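Here is an informal walk through one protein model for someone meeting it for the first time. Have a look at the fold, then read on.

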Amino acid sequence: MVLSKAVSESDMSVHSTFASRYVRSSLPRYRMSENSIPKEAAYQIINDELMLDGNPRLNLASFVTTWMEPECDKLIMAAINKNYVDMDEYPVTTELQNRCVNMIAHLFNAPLGDSETAVGVGTVGSSEAIMLAGLAFKRRWQNKRKAEGKPFDKPNIVTGANVQVCWEKFARYFEVELREVKLRDGYYVMDPEKAVEMVDENTICVAAILGSTLNGEFEDVKLLNDLLEVKNGETGWGTPIHVDAASGGFIAPFLYPELEWDFRLPWVKSINVSGHKYGLVYAGIGWCIWRNKEDLPEELIFHINYLGADQPTFTLNFSKGSSQVIAQYYQLIRHGFEGYRNIMENCHENAMVLKEGLERTGRFDIVSKDEGVPLVAFSLKDRSRHDEFEISDMLRRFGWIVPAYTMPPDAQHVTVLRVVIREEFSRTLAERLVLDIEKVMYQLDALPSRLPPPLPLAPLVRKKSELETQRSVTEAWKKFVLAKKTNGVC
């Protein structure tokens, strides 16, 4: 005999989530509510708001990876509760990080012996990696100046005006003067010759960018190294180079293996790279690699033992997740050199498809270079009626997120649009984007101009010659004298 049981309202799970009072009434936004709500309602409320976010796959402003294989997603979720800093509790995760550091160091041609381990660290991203590299340069410079009995209170760093904002943060946070090489029309990266001219005895390093955020171009690290070789030989300053390879570090070794930009150059002492860009990992992982142990001052490394064993640490933060480290190791062993090369070649080919499609419209100038990060930066040929910001705004109606921005000084009068080509951006999407840009241009042509009308040009006044000026003065005096004589007769 089956006994029936009365079910209380709180036990029932058949209520519609959207019919419950938890979803029908709003929650306080900036204070915790007094009462709990069911997990289903909490999920639905948050999920509904997140629907208004842009589609990450169509976010062409970002260099950051937005797709990974399902197998890697599983590894990430399995390690989501592991704190990376607990090295004694999670020794395998620590070992995977060390393997990644050594793989990347070899990829960058670090001068390592057969049994020598690389010097490097996993970071939250390239911003933290740059802060750590900058601190190492500053401390080495200070130690050298102290040993020589010279002042060490006015360090400076030389970069191009095209650097990412994290370099400005480093300079401001750690009290280092930032010397920027200005850009110019048609040259949107740091000029090595002008950079070396700015170097003095207080320069802790020169930062070169392998893959400018603005147009993807690689700066000439080889020329910079050669110029510094001469200057260091003349002055004895020993000014080193840091390569910010956040975007290009996982591109150049596979697409341009003959390009000398890494530890093959003697004055390159450290390199940072973003694993979450073309390292093909979701946001939250970067790497900093030093040439050898002497380039990372020992006094910057802390040793702790309150987690179970002696652990060296050189980071700005402490706790962080292990998932991204594990994901990076997955990508390195999953793809290998061949796989990364195939992916980067495919990204470059899709960038060329987009570039050629834009050129066929006849409406745009291409600002990016074919050699560099696979992206396309372009600007309008005719800006008399509409500008790049209007194109960016109207493309959002089709779901595309394409940024428009002005160049840094002294090229701030140049405005560009930029499309970053990531692994998951297919040729079909590239062709679709060109069609949607053409639609936007057609719609803009039918709209009245939103730009202010140009100011009327002042009439040109021809400057008189010295002889003409003298004649004018003479004629004026004649008239004045004649007038006086006439007045006298009357």
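A disulfide here is a pair of cysteine sulfur atoms within 2.5 Å. Keep in mind that this is a predicted model. With that cut-off, searching the whole structure turns up 0 disulfides. Two cysteines are still worth a glance: Cys72 has a relative accessible area of 0%, so it is buried, and Cys166 counts as buried too, at 3% relative accessibility.

**The seven-stranded sheet**

Let's take the sheets next. Strands of a sheet pair through backbone hydrogen bonds, in either a parallel or an antiparallel way. One open sheet has 7 strands, and its pairing is mixed. Reading across, the order is E1-E7-E6-E5-E4-E2-E3. E1 and strand E3 (177–181) are the edge strands, each pairing on one side only. On average, neighbouring strands of this sheet are turned by 20 degrees against each other, direction ignored.

Inside the sheet, strand E6 (residues 268–274) runs antiparallel to strand E7 (residues 286–290), and 5 bridges join the pair. If you want a spot to zoom in on, find Ser274, which stands opposite Gly286 in E7.

Helices pack on this sheet as well. Helix H5 (residues 126–147) touches E1, strand E4 (203–209), strand E5 (241–244), E6 and E7, and its direction makes about 165 degrees with that of E6. Helix H8 (residues 221–235) lies across E4, E5 and E6, at about 170 degrees to E5.

**The four-stranded sheet**

Further along the chain you'll find an open sheet of 4 strands, ordered E10-E11-E13-E12 and paired antiparallel. Strand E10 (364–366) and strand E12 (404–406) each have a single partner strand, so one side of each has no neighbour in the sheet. Here the average turn between neighbouring strands is 40 degrees, direction ignored.

E10 pairs with strand E11 (residues 375–380) over 3 bridges, in the antiparallel sense. Within these strands, Phe364 stands opposite Leu380 in E11. Helix H11 (residues 388–395) packs on the sheet and touches E10, E11, E12 and strand E13 (415–420), with its direction at about 35 degrees to that of E13.

**The largest pocket**

Where is the empty space? Rolling a probe the size of a water molecule over the atoms shows where it is left. The largest pocket holds about 640 Å³ of space. Its lining is made up of 25 residues, and Gln97, Asn98, Gly120, Val121 and Pro312 are the ones nearest the centre. Helix H4 (91–107), strand E1 (119–123) and strand E9 (311–313) each supply at least two residues of that lining. Which of the elements gives the most to the lining? That would be H4, with 5 residues.

**Some backbone oddities**

Most residues other than glycine have a negative phi, and most peptide bonds are trans. The table lists some spots that go the other way.

| Site | Backbone value | Place |
|---|---|---|
| Asn109 | phi near 60 degrees | loop between H4 and E1 |
| Glu175 | phi about 55 degrees | loop between helix H6 (165–173) and E3 |
| Pro409 to Asp410 | cis, omega near 0 degrees | Asp410 in the loop between E12 and E13 |

Are the two residues with positive phi buried or exposed? Asn109 is partly exposed, with a relative accessible area of 34%, while Glu175 counts as exposed at 66% relative accessibility.

Key: Residues numbered from 1 in each chain as written. Predicted model: local features only at pLDDT ≥ 70, side-chain atom pairs only at ≥ 80, totals over all residues. Heavy atoms only, no water. Pairing = 2+ DSSP bridges. Axes fitted to C-alpha atoms, helices over the stretch in contact; angles between N-to-C directions. Contact = heavy atoms within 4.5 Å. Buried < 20%, exposed > 50% of the residue type's maximum accessible area, 1.4 Å probe, protein only. 1 Å grid on protein atoms, 1.4 Å probe; cavity = no way out; pocket = protein on both sides within 12 Å on 5 of 7 lines; lining within 4 Å. Points joined across faces, edges and corners; volume = space filled by probe spheres on them.
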